[in-house]
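Open the model in your viewer and keep the sequence panel beside it. This tour tells you what to select at each stop and what is there.

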Amino acid sequence: MSCGCGQQRYSNGHQVQRALASLAAVCGHIGKEYGTYEFVSNLGFPGFEGFMQSANVAVPKNAKIDKTRMINISAVATAMLHADPPIKGIISWRGGLISQQPYIDVTLEAVKQLDMFVVIEQFMTDDTDYADLVLPACHFLEQYGLHTSYWHHYNQILVPVCQPYYEAVPDVEIFEELGRRLGFEEYFPRERNGIDYIRMLVGMNTDVDAAISPNGPAKVSEEWAPRIPYKDGKFNTPSGKFEFYSSVMEERGKKFPGDYHPLPHFIEPDESIKGTPELAKKYPLNIVSQHPSFRCHSQYYNLPWIKEIEGPAKVHINQLDADARGIKIGDKVRIFNDRGELVDIMAKVSILVKPGVVELNSGMWLKLGGNVNVLTSLSQGGPRDTLKEKGIMYEYSPLYDGNTTGYFNTLVEIEKMR
């Protein structure tokens, strides 16, 4: 069994993951060639647990850095609105802050109250529309890059194949120059480049030269990416065994707000047909948003040939739900709840979704229409409730705290446009 295929997009997703892992353990299907469960422990987070030496980059040698605040990626807007002392500036880079964060109206409110919003981008996106300053970004073909393992056991280091156009520079150079202008020149030598940072980051556990294109990709060592996870029966738990009752989660729950129950247990999502029945009377459809076939999150829909292939935003609706609303294939519909509405969305009536569920691809730009995050809530996907912490953290573990949003905790209604 494999996790990370949608369960984490619900507020109770962490408990689903733990229940699946426990089921595999009860059946004896962990650490076997014919069956196992990934991401039970630190093997699911090698980048955070030792494979990457992040401190080599984040904390330069001999630098004295005070303990700083961290923002949970699923609570960025909350942090911008409520942090004390306040957050006055944000740099958005390598992501669509506005299009990808839940409950877009709240994100826009947060962005508008900043003293400065800086965006590093290649295209004029939703983020650049609200930016005080736009810095031109390099394409990945114009800079060094580490293509890390994701659902596979190989890493590859990309090298630039052409020079950046005009005033564009690699992201790392922008942050280096910012550091120099803030008076920290000694930590950002001008002779250092992207490949040097990659060596600092993964050189301890990776043969960097073997991974550099065109030599790579290079297989990650058995220590960090075993062919059969947990074959040795060892886990990074206090007992060294698989623990159904997690004392670590229990102790974590004493420090931070959230659902750190030591045993896997079922809780309804924050917003669902069964969990919030009164709301479901008004909005009886659960909307989910899968990754599009022809895009990567919010990337590429601005390209004419992608638009031609993908076409306009479409919502998949079951035949029974469509019939009850007088909706037919190709009809333009309105999708709405108390948080917002989407109009002129094309209906795709099919059996791809079950009754009571509708599906709209994620990642559409706000200004191009069809962005599902107009409808989603600020619900968290993971045990730690950082909304109660105003989005600000001073200590964080991806293994125990989670870092995603309950995008699928969203109820809506759909009606045919007139």
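In which loop is the place of Tyr230? Select Tyr230 and look along the chain on both sides: Tyr230 is in the loop between strand S7 (218-219) and helix H11 (247-255). Helices (H or I, at least four residues) and strands (E, at least two) are DSSP runs, numbered from the N terminus.

Before going on, note that this is a predicted model, in which local features need pLDDT of at least 70 and side-chain atom pairs count only at pLDDT 80 or more, while totals for chains, interfaces and linings use all residues. Residues are numbered from 1 along each chain as its sequence is written, and side-chain values use heavy atoms, with hydrogens and water left out.

**Stop 1: the loop between S7 and H11**

Stay on Tyr230. Its phi is positive, about 65°, although Tyr230 is not a glycine. Tyr230 has a relative accessible area of 5%, so it counts as buried. Buried means under 20% relative accessible area, exposed means over 50%, and partly exposed is in between (1.4 Å probe, protein chains only).

Now select Phe242, which is found in the loop between S7 and H11. Phe242 is also buried, with a relative accessible area of 19%. Add Glu142 to the selection and draw a distance between the two C-alpha atoms: they are separated by 45 Å, and the residues are 100 apart along the chain.

**Stop 2: the whole chain**

Zoom out and colour by secondary structure. The chain has 15 helices and 16 strands. Its radius of gyration is 23 Å, close to the 22 Å that the globule rule gives for 418 residues, so the chain is as compact as a globular protein of that length. The radius is taken over C-alpha atoms, and the rule is 2.2 Å times the number of residues to the power 0.38. Along its principal axes, the C-alpha trace spans about 65 × 55 × 45 Å.

Of the 418 residues, 45% are buried. Contact means heavy atoms within 4.5 Å. Among contacts between residues at least 6 apart in sequence, 70% join residues at least 24 apart.

**Stop 3: the largest nonpolar core**

Which residues have the most contacts inside the largest nonpolar core? Select Ile335 and Ile414: these are the two, in a core of 26 residues. A nonpolar core is a set of buried Ala, Val, Leu, Ile, Met, Phe, Trp, Tyr and Cys residues joined through side-chain atoms within 4.5 Å. In soluble globular proteins, nonpolar side chains tend to be buried together.

Next, show the elements that give two or more residues to this core, among them strand S10 (332-337), strand S11 (340-350) and strand S16 (411-416). The largest share, 4 residues, comes from S11.

Centre the view on Ile414. Not counting residues up to four places away in sequence, Ile414 touches ten residues you can pick from, including Leu285, Val315, Ile335, Phe336 and Val358.A second, separate core of 15 residues includes Val76, Ala77, Ala83 and Val111.

**Stop 4: helix H6**

Select helix H6 (104-112). Its buried residues are Ile104, Val106, Thr107, Leu108, Ala110 and Val111. What covers them includes helix H4 (76-82), helix H5 (97-100) and strand S3 (116-121).

**Stop 5: two glutamates**

Is Glu176 buried or exposed? Select Glu176, which is in helix H8. Glu176 is buried, with a relative accessible area of 4%. Leaving aside neighbours within four places in sequence, Glu176 is in contact with Phe188, Pro189, Arg192 and Tyr197.

Then move to Glu186, in the loop between helix H8 (171-181) and helix H9 (194-202). At 65% relative accessibility, Glu186 counts as exposed. The C-alpha atoms of Glu186 and Phe235 are separated by 41 Å, with the residues 49 apart along the chain.

**Stop 6: backbone details**

Select Asp84 and Pro85. The peptide bond from Asp84 to Pro85 is cis, with omega near 0°. Pro85 is in the loop between H4 and strand S2 (89-93). The bond from Ser213 to Pro214 is cis, with omega near 10°, and Pro214 is found in the loop between helix H10 (208-211) and S7.

Finish at Lys390, in the loop between strand S13 (380-381) and strand S14 (392-393). Lys390 has a positive phi of about 60° although it is not a glycine, and it is partly exposed, with a relative accessible area of 43%.
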